[in-house]
Amino acid sequence: MSTIITLAALVIYLGFYFTFGKKLQTNLLKSQDAPEAPSKRLSDGVDYVPTSKFVLFGHHFASIAGAGPIVGPAMAVAWGWLPGLLWIWFGNIFIGAIHDYLSLTASVRYDGRSVQFVAQDLIGKKAGKSFGWFILFLCILVVAAFGAIVAGQFASGNGEVASTFFLFCAAAIILGYLMYKTKLGIGVSTVIGLVLLVAAFWIGSKAGIKASSNVWYVVLFFYVVIASSLPVSILLQPRDYLNSFLLYFGLLAGGLAALIAFKGFDSVPVFTSFSAKVIGGQPSPFWPTVPLVIACGALSGFHSLVASGTSSKQLRDEKDSLFVGYGAMLTEGFLSTIVVVSISGFGILALGDKVMSTGALPRFTQSYGAMVNAAFPFMTQQFMALFAAIWVSSFALTTLDTTNRLGRYIVGELALPLKEKSPGAYEFLANKWVASAVIAVAGIGLAWTGNYTVLWPAFSGANQLIASIVMLTAALWVKKKLNEKYTNLVLYPAILLWITVTAGLIWYELVIIPLHFKDMANVKNVTTGVVVGVITLIMLVMNVVMIMQFSKNFKSEKVV
Amino acid sequence: MITFKNIRRVWDIFWETAFQVQRDKATEMVEFELKEMENIFVILLMGSFVGLPSPPAAMAMELIPYLEDEIRLMTVRADFAQDALAGLTGILDVD
Amino acid sequence: MKKVLFFMGKGGVGKTTISSSVAFQLSRKGYKVLIVSLDPAHNLGDVFYCHLENEKSSLAPDLDGIEIDLGKWVKKYLHDSKNEIRDTYRYNIGINIDSYMSILKYSPGTEEYAVLWAIEHIYETWHSKYDYIIFDTPPTALTLRFLAMPSISMMWINELKNMRERILEKRGTVLKLNPDAAVIKGASDKKDDAVFGKLGSIRERLKKLHLIFSRESYMTIVMNHDELSLSESSRILKELAKLDVTINSICLNKANPDIKINDNIKNKLENFPLFPAFLLPEGLIRREDLGRIQIADLVDNIIETTRGNK
């Protein structure tokens, strides 16, 4: 069964790539007749640099694939393996990949300007502004969700994950020193770095650091503040580099194992219930809450920013955007498929009858260990489970670092209107340390007070709302600037997405948030409820404003 | 035709690509940092042209001939600064 | 050994008269002297009753003089820079560079720089041929600015140099790891980087000028017997102390032998040798009158300070 599903995923993704994707390229975008790509037209050797599509694909994929496409699907198996898998396949193909592809191509046609700029141009100033706010909320919520998940992971077992992670960071720092400060070439330093990486795993698996999750929250708080204030070449860059090796190895080992393991899906039912207990332990209707659980892997608004921020300036030819934008997203879907396969097929080997009651991340890491071990017996289950845990934790913790950096910029940017009215407040918010602390305190604070099953959907919600603006922008773009005939191809998924996410968030606001106020004496719960509730509410309001603006522009015949 | 030579070529291209991806992966943020530094350097030097204090324009003039690339970078960055969110997200791997 | 003399002070106190007579009397003692007027309102020629061009001309035996045309130095300076740009961008000659350059003429700081490079030029050209080079300075504000320029700019240059060094290092790192990186592919070695080299040479020139001002010069403030001139002199002293430039003496010009020197002046300037220069009752009429101004003490002090025991 595992083999069939994995093969099916490959066939479906490749099939749609060559039929649907190619059709989009030739009929909708008409990339064959497109003007010369900005990378060549505006070539400056600095930002606009023509780059091979294979290099760009690798780069783009490594940028969009992180912990996101793993955690979501692992949570979603609570509905049974099929519903989640269908969303990962068809949500990806008809919404997520189109979203990435069109945002990349639109950016190319806009001379490499970002999707935020395009949205501002087509929908209006408000769309551009709301990008900033969504990103700010997203930064806080992603720190919260990943913080909660990682702290839980660190506190589990004998703390091997924690010790391995910190050794891994040490390896990254040494590698960084070797690469950036000594005369060693990239090859030699990489080999040394990988040896250190293996050593980190070996030592880490023997000697754990045992501490409660409360301790880890404190550590994570300081980690976020300190790591994000270091120069990039100390930790962030070399660890990101090492992370990419974890990703390739994890994907390769997992993909091969899933293909050759021949295992029935007996760990997870095909379908449990339409309202399985996923979000906050409450019965969550598959529709409309699935995008709040599976975000990256099926659809992620962040991708549009990555695509239009760097990739679009480097595409050698517009035709390459199919491979880079559409292709990379499908590959990420394949990664999510492996997650579902590993849990559905091998969860029982690793966790017995506790598959459904285990947390999402250990559910995946243990199953992954069992799966790789089943296919390649020389890789022990325990070791591969640790590997998977580090893989996810390291990506998650890198995100904690980077979102803090991004958040600092956003806080200053959003505070800009205050500059005239109250310079003092502006100076305060624009201060690097204040902005950093805002994100870290809010994020780690929420992680401490809340539960990841509550925080994760809020993060996904913010992410999906960005995706929703992008899809609406793409629909407008197709209608006004490309071929009106094909508008519905983008408009329907966009509207479907908008309705789904909005309904999902309203459900979340009505069902999940009030739970936190049952016992007003429980300060932690009340705090989570207030903060997440308010953030979600603001996002919903902005989202409604956005659709109104959109429909006004959509109806008007004015050519923008 | 699948020949040994073709396979060999694909194999070479694959590794070449993989290495280039990893090379980019190892330097993307440092590259970004470098560009910002060069930008600031030029802004510091050219400041007197746009009303920033110091150093005297006269001193900047002596360096202008050698800073062609940097000055171009400065103009590119000035453009980039208006639309930086996505670029920053692309460099910092969130997600 | 000091061989550069600066005379500074408020406009109208008689800097030109004093510096000219010092120059004249030194030349009479057998020293070869060059007197240079940096004051845009030149009156060196008036004092010597001859017409001084921007070129050096002989005023008396062993005494030559130049009036520096600052405007011309600014122009020369801009011209050199412009040519350098023109040569670099040979393929694209002359587009708007000239008009940008004329904007530069108004840019603050250009004048100070012109003075600096003029001083440098004169020092480099003539210091081996003369025993003394005497500078009659422009009004106080400009003088203080150009004297301060080397040390102020040097901090700047140092910081820029450090930053450039970090940039080159980073550039080298990125290109070592990733030769196709989308960054400026310029030099990454300090030796090959023209900008770094140029920064270094500017730094060396400024350092040398600073040394001339702080170590190789004999500085005299010329003042009159009044409060205004006293307060200006105090200001010069205060500013120069910050720059590590020492004042060697103070010359009280237009003093009246019959009036005792004001206590206030004595107290405020007690740390400096004070040399009165008395008014010539009949005024300055002939060139030889420069020899009659009674500043023998000052001249002796100069010789003693600059030549040691001679």
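**A long helix and a chain interface**

In this predicted model, helix α21 of chain A, residues 487–515, has 29 residues and spans 41 Å from its first C-alpha to its last. That reach is close to the 42 Å expected at 1.5 Å a residue. The helix is not free of curvature, however: α21(A) bends by about 30° at A:E509.

A partner for α21(A) is found in helix α5 of chain A, residues 81–109. The two axes come within 10 Å and cross at roughly 115°, and the crossing of α5(A) past α21(A) is left-handed. On the α5(A) side, the contact is made by A:F94, A:I95, A:I98 and A:L102, while α21(A) gives A:V490, A:P493 and A:L497. By class, this contact has seven nonpolar residues, with no polar and no charged ones. A general point about helices helps in reading such a list: an α-helix has 3.6 residues a turn, so residues three or four places apart point the same way.

Turning to the second chain, chain B has four helices and zero strands, and its elements run α-α-α-α from the N terminus on. Of the 95 residues in chain B, 53% are buried.

The two chains also meet: 46 residues of chain A are in contact with 29 residues of chain B. The elements of chain A that give two or more residues to this side are α3 (53–64), α6 (115–122), α7 (125–155), α8 (160–181), α11 (236–260), α13 (301–314) and α16 (381–415). The side of chain A that touches chain B has 21 nonpolar, 20 polar and five charged residues.

Key:
Residues are numbered from 1 along each chain as its sequence is written. Chains are lettered from A and ligands numbered from 1 in the order in which they are written. This is a predicted model: local features need pLDDT of at least 70, side-chain atom pairs count only at pLDDT 80 or more; totals for chains, interfaces and linings use all residues. A residue is buried if 20 or more other C-beta atoms lie within 10 Å of its own, exposed if 12 or fewer, and partly exposed in between; C-beta atoms are placed from the backbone. The expected span of a helix is 1.5 Å times one less than its number of residues. The bend at a residue is the angle between axes fitted to the seven residues ending there and the seven starting there. Two residues are in contact if their C-beta atoms, placed from the backbone, lie within 7 Å. Ala, Val, Leu, Ile, Met, Phe, Trp, Tyr, Cys and Pro count as nonpolar, Asp, Glu, Lys and Arg as charged, and the others, Gly among them, as polar. Axes are lines fitted to C-alpha atoms, for helices over the stretch in contact, and angles run from 0 to 180 degrees between N-to-C directions. A crossing is left-handed if the near helix is turned anticlockwise from the far one by less than a right angle, and right-handed if clockwise.
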